[in-house]
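Here is a quick tour of some side-chain arrangements, with the rings up front. Have the viewer open as you read.

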Amino acid sequence: MALSFVWLCLLLMAWFSSKTFLSLSIEDFEGIMNVNGTASIGFIDEDFICATLDWWPPEKCDYENCSWDHASLVNLDLNNKILFNAIKAFSPLKLRLGGTLQDKVRYQRIGDQEQCSNFTKNSSVMFGFTNGCLTMSRWDQLNIFFKNSGAKVVFGLNALSGRKINSNGMTSGAWDSNNAESLIRYTVNKGYAVHGWELGNELSGSGIGTSVSAKQYATDTISLQNLVQKIYNGFQEKPMVLGPGGFFDANWFNEYVAEASSSLQAITQHIYNLGPGVDEHLVEKILDPSYLDGGSQPFRDLQNILKKHGTSMVAWVGEAGGAYNSGRNLVTNAFVFGFWYLDQLGMASTYNTKTYCRQTLIGGNYGLLNTTTFVPNPDYYSEASPGLGRSGLAISTPIETNFGPNDGFIHHYLPILRSRILLTRFKPQCASLASANGKTRSINTFYRHRQRITVLLINLDGLKTTNVGLFFENATTTVKSIQQEPKKQTGKTKFTKMLRNPKFAEATRDEYHLTAKNGNLHSQTVLLNGNELFVNSSGIIPLLEPIKRNFSSPITVAPFSIVFVHIPSIQVPACI
């Protein structure tokens, strides 16, 4: 596999500050990022990145758009080379298997005489499809594929088994674990590795389709935990138990945590904060920093609940597709969606979220891979870029920024981006500046083992280029400089003075600039440093080649671009 990844057990985020000088003219922005590498911030999983595989059959349609094709767990082509290579590149990649129809799935038993039927479209039943069935022969195929491709599986169990759905939409009765037990026992007997068993899908709060009370759900979660402990008795490592896999409801989650804290290792919530896929204003929301900031509340509230109860359970995003009802073609599967997705990763890790599962790996209009061709969509390359991927911390810090001649000021909101990334998000104080510097976001990643730093810069502005200088305090460097053509100087500025840092004059960095083909945000083709990325005829994912720069030169972030800056030469105390 051509992609290069770094395993991280710990991402240490340093206190981050920045000053930006803005001239309200047609000139580019100039900014300086000051990083003090003495303090660590938090932890996230070493395999923070996760994606989902769903159950929807080809007949699943939304707004007269049928976007699932053969991307279901029961019909996905496991012999596709691109699919295999796409997962193998992350090895291991967490895969959460589940979705709306998981609560209508029966697991075939050995010797079972009952026919194992597929989902059939029926508008008169919940979710528009009849019950489906997972054969053990298909389960065998899936597990062999997951093992060979390097996937870590989290399986979503049917939580409606044994319950009655009442006229008020609520369920009554306890979870019947018999069918789940047969699947788990079969899995163990075959020697298949499962990272976690998750109970149910979107049954929390008011639920989707139906709901289960928090107290009953906690009781059922305890039953699942007891079942896992019994079946995996004698195993040195046992699978996690996760739940509820639903939308955040503060009162419901608070009661659930209080009742199930001793039996639950990870609490999972779903994120679709852009609204329905049919919304004509999705792009406007994605490019609006204030709208992006509004998504922090569920993360914050969930962490407060966990702290309140003093539990050891951790928070996950178990499913996030941005726009519900399968997303929107040429938006949630196009270049523009990377701005929302990367920002979400940063926000999630800011609130100590350990894992973030993207809906989907393939399927719907929000897949990392094209549903029919399996070719990677732009967000796949964002995930695969050096520095994004596995383990980290999170903080948020308001910092005032002075603007040149107009004495205005702007707040820089510093959350951390996913697993090892510190995200600095610039929030304008007044609307007149919203289209200016308020649309540049930055993220830092610190590598503990190899002591590397990666910075991610996102420019949400379609007109202005931002030039960013990096300044490190309490850091050392050990690499040689490179030879490159000097850039023409147009005159000294405040920015030029701020970049003076002789200590790092010899350091180098690798830059990965991602842009949309032809500048079209709806494009599903991404350019790396101006060159189109494409899969070859053998299904090989392309090598991500950087451009080399001296550390002392500014980073140029073009309009509507995503830039990863990898600095292998800088060492900071927090990463030692």
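## Aromatic rings

One aromatic cluster is made up of Trp55, Tyr107, Phe119, Trp139, Phe155 and Trp197. Keep in mind that this is a predicted model. The count of aromatic pairs comes to 23. One of them is phenylalanine 84 with phenylalanine 145, an edge-to-face pair at 6.3 Å centre to centre with 70 degrees between the planes. That pair ties together distant parts of the chain, 61 residues apart: phenylalanine 84 sits in helix 1 and phenylalanine 145 in helix 2 (residues 136-149).

How buried or exposed are the two partners? Phenylalanine 145 has a relative accessible area of 7%, so it is buried, while phenylalanine 84, at 27% relative accessibility, counts as partly exposed. Phenylalanine 145 also forms an edge-to-face pair with phenylalanine 146, this time at 6.0 Å centre to centre and 65 degrees between the planes. Both phenylalanine 145 and phenylalanine 146 are buried.

## Charges over rings

Lysine 60 lies over the face of tryptophan 56, 4.2 Å from the ring centre. Arginine 358 does likewise over tyrosine 341, at 4.7 Å from the ring centre.

## A surface patch

Tyr63, Val278 and Tyr324 make a nonpolar patch on the surface, together offering about 270 Å² of accessible area. Tyrosine 63 belongs to the loop between strand 3 (49-53) and helix 1 (81-88), and its 41% relative accessibility makes it partly exposed.

## Around asparagine 467

Asparagine 467 is part of strand 23 (residues 466-473) and counts as buried because its relative accessibility is 13%. Its side chain makes a polar contact of 3.1 Å with that of threonine 556. The C-alpha atoms of asparagine 467 and proline 554 are separated by 5.7 Å, though the two residues are 87 apart along the chain.

Terms used. Residues are numbered from 1 along each chain as its sequence is written. This is a predicted model: local features need pLDDT of at least 70, side-chain atom pairs count only at pLDDT 80 or more; totals for chains, interfaces and linings use all residues. Side-chain values use heavy atoms; hydrogens and water are left out. Helices (H or I, at least four residues) and strands (E, at least two) are DSSP runs, numbered from the N terminus. Buried means under 20% relative accessible area, exposed over 50%, partly exposed in between (1.4 Å probe, protein chains only). A polar contact is a pair of N or O atoms within 3.5 Å; within protein, one must be able to donate a hydrogen and the other to accept it, and residues adjacent in sequence count only if both atoms are side-chain atoms. Patches are made of residues with over 30% relative accessible area and no salt bridge: like charges are joined within 9 Å, nonpolar side chains (Val, Leu, Ile, Met, Phe, Trp, Tyr) within 5 Å. Accessible areas come from the Shrake-Rupley method with a 1.4 Å probe; for residues, only the protein chains shown count as cover. A salt bridge is a side-chain nitrogen of Lys or Arg within 4 Å of a carboxyl oxygen of Asp or Glu. Rings of Phe, Tyr and Trp (its six-membered ring) pair if their centres lie within 6.5 Å; planes under 30 degrees apart count as stacked, over 60 as edge-to-face and the rest as tilted. A charge sits over a ring if NZ of Lys or CZ of Arg is within 6 Å of the ring centre and within 35 degrees of the ring normal.
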